[in-house]
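Got your viewer open? Here is a short tour, one selection at a time.

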Amino acid sequence: MAAPLLEVRDLRVTFTTPRGTVRAVDSVGFTVESGRTLGIVGESGSGKSVTSLAVMGLHRGAVEVGGSVALAGQELTGLTERELGKVRGRRMAMIFQDPLSSLHPYYTVGEQIAEHFRVHFRSGRAAARRRAVDMLGEVGIPEPARRAGEYPHQFSGGMRQRAMIAMALACEPELLIADEPTTALDVTVQAQILELIARLQQERGLGVVMITHDLGVVARVAHEVLVMYGGRAVEQAPVDALFADPAHPYTRGLLDSLPRLDTADDEPLPFIPGSPPSLLLPAPGCAFAPRCPRAAERCTGERPEPAAYGDGTGRTVACHFAGVRAVEEAAR
Amino acid sequence: MIVYLARRLLALAGVLLAIAAVTFLIFYVLPADPAAAACGKTCSAERLADVRVHLGLDQPLWRQFADFLTGIFTGRTLGTGQYAVTCDFPCLGYSYESSLPVWDLLMDRLPVSASLALGAAVLWLILGLGAGVTAALRKDTATDKALMVGAVAAASLPVYFTSVMLIHGVIRIAGLLPYPTYQAFTDNPLGWASNLLLPWTALALLYAAMYARQSRGSMIEAMAEPYIRTARAKGMPERTVVVKHGLRSGMTPILTIFGIDLGGLLAGAVITESIFGLPGIGRLFYGALVNSDQPVVLGVTLLAAFFIVVANLVVDLLYAVIDPRVRY
C-alpha cells in the first residue's frame, strides 16, 4: 500500500517560555489522503494551529518538535531549512486566517503569486506573471490581468482570500493546509471560499487539512475530523459518525453548544462551563476532566490514551468512559 | 497629488515665516544693541546714530521684518545716500561682524557642513542599520545583546567626548592622520575624505547607536508580521524573506527619522565642527551667537529650518513611493 499523502505520528511541540516549558501539542497523529479533507477542530489554545505550523515547519523561536511528519512517505522532521524550502510551498501549501495581513502590503498581488512560482520553477518573470494571472482567473477573480497589478488593500476580504488560495496553489501542491481560512470573512463569502476550496480539491485531487473552530465548516467540508483539546487529540472519526454519535464528552459539549432550529427561542444555549486548561501546568489526568460532566476519580489521576472505538471505522477516542456512555445511552 | 504638494509648500512657507518672526523677535528683546555690534569698539555717538539709520534700526519692528522678508525674494538696498549698499537676491542682510553678505557666508560654508553630514550619514546608516538588522534577526542571542549593549554605550557618549578621544588616540598617539584641515572635495577628493574621516566617525557613532536601536525594533516588528510567515510558507529562501519582505517594511520608519536628522545636520553640527576646526555653518552660527551677529544667526536659523521642513516633505513624498497604500 502506498504511503498516505500526509502522515503525522506522535507529534509533540514544546515551547520554552520564561515561565516554563509548554507542551502545546502532545502525541497527536493523523493521516490525510489525496482528495480527502481532514477537519481539525478545537478552541483557542487547543494546539490546532501549532499542529499545522509544525507540519509546515513554520514554527519559530524556542520550539522543539518531536515525532514524525511524512509527506507521501518523505520524512519532513529533521530536514534542513533549505531542504524543507523545496517542499514547502511546492508540495504543500498553506493559507491563513487573515488574508490582509498575510499578504505583503507593498507588493502587488500578481507579484506575490509570481515570486512564489519563480522560486520553485525557476521560470522567467513573464512566465511567472502569466501564471499569476491564470491562477487569479482560476480562483474566480474577474479581470485577473488587471487585478494582478493591484495591491492587497485594493481587494475585498473575500478576494484577498481567493488571491491567497491562488498563491498557495500556484505551484500545484498535493496538500493544502487551511488555517481558519474563513474566520475573518462574512458568512456569504465564507460559503464561497469553502466552495472554491472544494472545487479546486476535486479538480486537483488535493489533500486538505481544514483547521477551524467552526463545526458548521467541518460538517460542510470535512471527510474525517480530529477534535483537539489541551494539545491532544481527544477524538478522531469520520464526519458522519462524529456528528451522529460524538463519543468524547468534549465533542458532545461542542455539538450541544450549537444553536438548533428545533429548540424554543427563549431556551438558553448550552455551553461548556469552565475555561481551557493551562498548558504550563498540565494535570496528570485527562485535560478535560475539570470541565467534564462525566468525570470520575479515575479521570483526574490517569490520562486516557486514544483507543479504538465503535465499529472498526478507525475511530479513536481518548476517554475512560467513551464506551460506557454509549452503552448507557443505548439502554435509555 | 498636485493639491497635496501645493498645500504642503504653503505650510512649509508658513513654518519658515513663523521661525523667522520668532528669531527676529528674540533679537529685538535682547539687551545687546545691534548697532553697537556693527559699529565696532571705537565708535562715536554720531557714527552710532548713522549706523542705526543705515541698518534700518530706527524703523518700527514690523517694518524691519517686512524689509527683511522682501530682501529675501527681491534683494534690497540697505541704508541711504552715500552709505547705500545693494544687497542682491537672496538677501539675508550683512553680517555685523564681517560686513559680508550673510547669504555668501552661508554658501561658503555649506559644502563643509554638507560634506560632514552626508559622509557621516552614509557611515551611520551602514553601521546602525547593519547592527540593528543583525540584532533583530538574532534576537535574544549573545550577538543581539552584545550589539545592543554597544549601542547603548555609544549613544551615551557625547560627541565632544568621542571627538576628543578620537583626536587623542588616532592623531596624537597613533599618528595615523594629520590634524584635520578642511579640503574641498573638488580640489582633492582623497584629502577631503581623509580629513573628514574622524569628524564623520565621531558624529556617526552617536547616530549609528540610535539607528541600531530603532532599526532593531522595527525589523523585529516587521519580521513578526503574518506576511513574513506567508513568504516562508511559500518556500522562499530565508535571504529573500528578510531582504525583500522584511527589510522593505522594517526600514520604512527609519526613513522618517533619517529625513529629520539629515536635514538638521546639513545646516551644521556646532560641536563637531568646532572641535575639529571645520569651517562649517555650525561654527559660523556659534561665532555669530557669541557676538550677537543677528543677521547671521537669523540666516543660519532659517537655513536650518528650511532643510528640516524640506527633508520632511521629501520623506513624506517618498512614503507614497514605498508604500502603495499611501496616496496624496
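Two strands count as paired here if DSSP finds at least two bridges between them. Keep that rule in mind for the opening stop, and remember throughout that this is a predicted model.

**Stop 1: the sheet in chain A**

Select residues 92–95 of chain A, strand S6, and then S7, residues 175–179. S6(A) and S7(A) run parallel and are joined by 4 bridges. For a landmark, pick Ile95(A), which stands opposite Ala178(A) in S7(A). Now add S8, residues 207–212 of chain A. S7(A) and S8(A) are again a parallel pair, this time over 5 bridges, and Leu176(A) sits opposite Val208(A) in S8(A).

Zoom out a bit to see where these strands belong. They are part of an open sheet of 8 strands in chain A, in the order S6-S7-S8-S3-S9-S10-S12-S11, with mixed pairing. At the edges you'll find S6 (92–95) and S11 (307–308), each of which pairs on one side only. Further in, select S3 (37–41) and S9 (224–229) of chain A, a parallel pair with 4 bridges. There, Ile40(A) stands opposite Leu226(A) in S9(A).

**Stop 2: a strand with cover on both faces**

Go back to S7(A) and turn on its side chains. How many of its 5 residues are buried? The count is 5 of the 5, so S7(A) is largely enclosed by the rest of the structure. Leu175(A), Ile177(A) and Asp179(A) are buried on one side, while Leu176(A) and Ala178(A) are buried on the other.

Next, show residues 187–204 of chain A. This is helix H8, which lies across S3, S6, S7 and S8 of chain A and runs at about 160° to S8(A).

**Stop 3: Asp26(A)**

Select Asp26(A), which lies in strand S2 (residues 20–32) of chain A. Buried or exposed? Asp26(A) has a relative accessible area of 12%, so it is buried. Leaving aside residues up to four places away in sequence, Asp26(A) touches Leu11(A), Arg12(A), Gly231(A), Arg232(A) and Arg303(A).

**Stop 4: two cavities**

Keep Arg232(A) selected and add Ala233(A), Val234(A), Pro304(A) and Ala318(A): of the 13 residues lining the largest cavity, these lie nearest its centre. The space inside the largest cavity is about 120 Å³. Strand S10 (residues 232–238) of chain A gives the largest share of the lining, 3 residues. By class, that lining has 9 nonpolar, 2 polar and 2 charged residues.

The second largest cavity holds about 60 Å³ of space. To find it, select some of its lining, including His248(A), Cys286(A), Cys292(A), Cys299(A), Cys319(A) and His320(A).

**Stop 5: the largest pocket, with both chains on show**

Bring in chain B, which has 14 helices and 2 strands. Then select Arg60(A), Gly61(A), Met223(B), Ala224(B) and Arg232(B), the residues nearest the centre of the largest pocket among the 23 that line it. About 740 Å³ of space lies in this pocket.

Which elements supply at least two lining residues each? Colour S1 (6–17) and H1 (48–56) of chain A, plus H5 (102–137), H8 (189–223) and H9 (226–233) of chain B. H9(B) gives the largest share, 4 residues. The lining of the largest pocket divides into 15 nonpolar, 2 polar and 6 charged residues.

Conventions
Residues are numbered from 1 along each chain as its sequence is written. Chains are lettered from A and ligands numbered from 1 in the order in which they are written. This is a predicted model: local features need pLDDT of at least 70, side-chain atom pairs count only at pLDDT 80 or more; totals for chains, interfaces and linings use all residues. Side-chain values use heavy atoms; hydrogens and water are left out. Contact means heavy atoms within 4.5 Å. Axes are lines fitted to C-alpha atoms, for helices over the stretch in contact, and angles run from 0 to 180 degrees between N-to-C directions. On a 1 Å grid over the protein atoms alone, a cavity is a set of points where a 1.4 Å probe fits but cannot get out, and a pocket is an open set with protein on both sides within 12 Å along at least five of seven lines; lining residues have an atom within 4 Å of a point. Grid points are joined across faces, edges and corners, and a volume is the space filled by probe spheres set on the points. Ala, Val, Leu, Ile, Met, Phe, Trp, Tyr, Cys and Pro count as nonpolar, Asp, Glu, Lys and Arg as charged, and the others, Gly among them, as polar. Buried means under 20% relative accessible area, exposed over 50%, partly exposed in between (1.4 Å probe, protein chains only).
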